[in-house]
Amino acid sequence: MTGFEGFEQHAAAARRAVIVADDPLAVADAEAAVRHAGVAVTATIFFANLTTALDDITHADLLLVDATGVPVETLDGALPVLAARAERDRAQLVVSFGIEAIDVVSLHLLGGPATLLCEARPEERVAAIVLGSGTKAGFNAAERDAERLQRLNAEVARIAEALAKLARDGDTGEGVRGRTDDFVAPDTGAGPVPTVSAATVRGAIRARRLREQFFASDLFADPAWDMLLDLFAARLEGGNVSVSSLCIASAVPPTTALRWITTLTDAGLVARQEDPADKRRAFIVLTARGVAGMQGYAEAVARAGLGWA
């Protein structure tokens with residue numbers, strides 16, 4: 001072992017983790033993940049009397065939360081408390097939860113510093129802890145996760161730039177412009193603007209799903225575009241899309257979908273909007289930038305007589 005490797009392992013072991021969980025099996029799984037990540041567990045607390053229990057803990061470097069079996073109403077009150085404590089301690093916040101809790105978790109934590117793991121595998125939780133520690137510690141899973149995130153960011157940046165070009169230029173074929181906020185509608189003076197219908201967009205989505213009957217779905221993984229199509233169709237229909245519904249539309253695992261939503265948000269293409277009828281749920285909507293891009297793309301495709309891809 002080199003001196004640097006020894007320092008990394010010591011730094012990881014010196015981190016203090018607080019586990020928050022109610023289910024005994026969830027507690028055991030969380031303890032195993034922390035142990036494999038080389039972090040010490042200093043306390044295990046329950047969601048009942050959460051604020052009081054946290055007050056009794058001086059400091060935490062990692063808050064590892066498992067929401068298995070926890071009612072949505074309880075999470076609605078607990079998640080802001082945990083987010084505030086993580087901010088106070090500058091602690092890493094990793095939250096594991098089931099698909100039934102995705103909307104309330106997203107409402108409070110999506111787009112923030114927390115790592116969200118929906119129905120994630122044990123190795124994903126270990127990788128999340130290690131990535132947040134600032135040390136690779138030899139975990140190949142963490143390295144693969146970092147590479148996936150880099151590819152994700154690059155892909156969304158590519159889509160954002162392409163949509164920006166279409167929003168500005170229509171189908172002029174000019175070079176892609178850098179990502180800025182001064183977007184304008186496409187120039188439609190060259191002829192009538194083709195009508196874009198929700199049925200057309202939904203047809204494109206169905207065609208994409210049909211591919212999976214003939215080819216392995218991971219050959220054409222493009223969740224960012226699937227999400228944008230679903231949001232654009234919903235806008236044309238006058239409907240709303242919840243976080244859980246958008247995750248389903250992405251056709252990828254929920255944890256991966258949440259990362260894409262965060263990246264699309266960072267790219268300025270989508271935004272979170274609170275559901276006025278249910279304070280425990282949020283909708284995802286296209287921003288003005290996203291709408292302009294999708295509209296420009298749809299009109300350019302129609303003018304060229306091409307099918308949606």
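**Getting to know this predicted model**

Q: Is cysteine 118 buried or exposed?
A: In this predicted model, cysteine 118 has a relative accessible area of 2%. A residue is called buried when that value is under 20%. Therefore cysteine 118 counts as buried.

Q: How many disulfides are there?
A: Two cysteine sulfur atoms must lie within 2.5 Å to count as a disulfide. The sulfur of cysteine 118 has its closest cysteine sulfur in cysteine 247, and the gap of 6.9 Å is too far for a bond. Cysteine 247, in turn, is in no disulfide. The count is therefore zero.

Q: What is the relative accessible area of cysteine 247?
A: Residues under 20% are called buried. Cysteine 247 belongs in that group, because its relative accessible area is 4%.

Q: Which helix gives the most residues to the largest nonpolar core?
A: That core holds 63 residues, and Phe97, Leu116, Leu258 and Ile261 touch the most other members. The most generous helix spans residues 223-237 and gives nine residues to the core. Its name is helix 9.

Q: Which leucines are in contact with phenylalanine 97, leaving aside its neighbours within four places in sequence?
A: With those neighbours set aside, the contacts of phenylalanine 97 include Ala67, Ile102, Val105, Cys118 and Glu119. The leucines on its contact list are Leu116, Leu117 and Leu258.

Q: How many residues does another core, lying apart from the largest one, hold?
A: Ala30, Val34, Ala37 and Val126 are among the members of this other core. In total it has 18 residues.

Q: Which strands are the edge strands of the sheet?
A: Five strands build an open sheet with parallel pairing, in the order 2-1-3-4-5. An edge strand here pairs on one side only. That description fits strand 2 (40-45) and strand 5 (115-118).

Q: By how many degrees are neighbouring strands of this sheet turned against each other on average?
A: The sheet is an open one of five strands. With direction ignored, the average turn between neighbouring strands is 20°.

Q: Which residue in strand 2 is the bridge partner of isoleucine 19?
A: Strand 1 (residues 16-21) pairs with strand 2 in the parallel sense over five bridges. Strand 1 is also mostly covered, with five of its six residues buried. Valine 20 stands opposite isoleucine 45, while isoleucine 19 has as its partner threonine 44.

Q: What angle does the direction of helix 11 make with that of strand 5?
A: Two helices that pack on the sheet are worth a look. Helix 4 (residues 72-89) touches strand 1, strand 3 (62-66) and strand 4 (92-97), and its direction makes about 165° with that of strand 3. Helix 11 (residues 254-266) touches strand 4 and strand 5, and its angle with strand 5 is about 145°.

Q: How far apart are the end C-alpha atoms of helix 11?
A: Helix 11 has 13 residues, so at 1.5 Å a residue it should span 18 Å. Its buried residues include Leu258, Trp260 and Ile261, and glycine 268, with a positive phi near 80°, follows the helix. The end C-alpha atoms agree with the expected span, being apart by 18 Å.

Q: What distance separates the C-alpha atoms of glutamate 123 and alanine 37?
A: Glutamate 123 sits in helix 6 (residues 122-133) and counts as partly exposed, because its relative accessibility is 40%. Along the chain, glutamate 123 and alanine 37 are 86 residues apart. Their C-alpha atoms are separated by 9.8 Å.

Conventions
Residues are numbered from 1 along each chain as its sequence is written. This is a predicted model: local features need pLDDT of at least 70, side-chain atom pairs count only at pLDDT 80 or more; totals for chains, interfaces and linings use all residues. Side-chain values use heavy atoms; hydrogens and water are left out. Buried means under 20% relative accessible area, exposed over 50%, partly exposed in between (1.4 Å probe, protein chains only). A nonpolar core is a set of buried Ala, Val, Leu, Ile, Met, Phe, Trp, Tyr and Cys residues joined through side-chain atoms within 4.5 Å. Helices (H or I, at least four residues) and strands (E, at least two) are DSSP runs, numbered from the N terminus. Contact means heavy atoms within 4.5 Å. Two strands pair if DSSP finds at least two bridges between them. Axes are lines fitted to C-alpha atoms, for helices over the stretch in contact, and angles run from 0 to 180 degrees between N-to-C directions. The expected span of a helix is 1.5 Å times one less than its number of residues.
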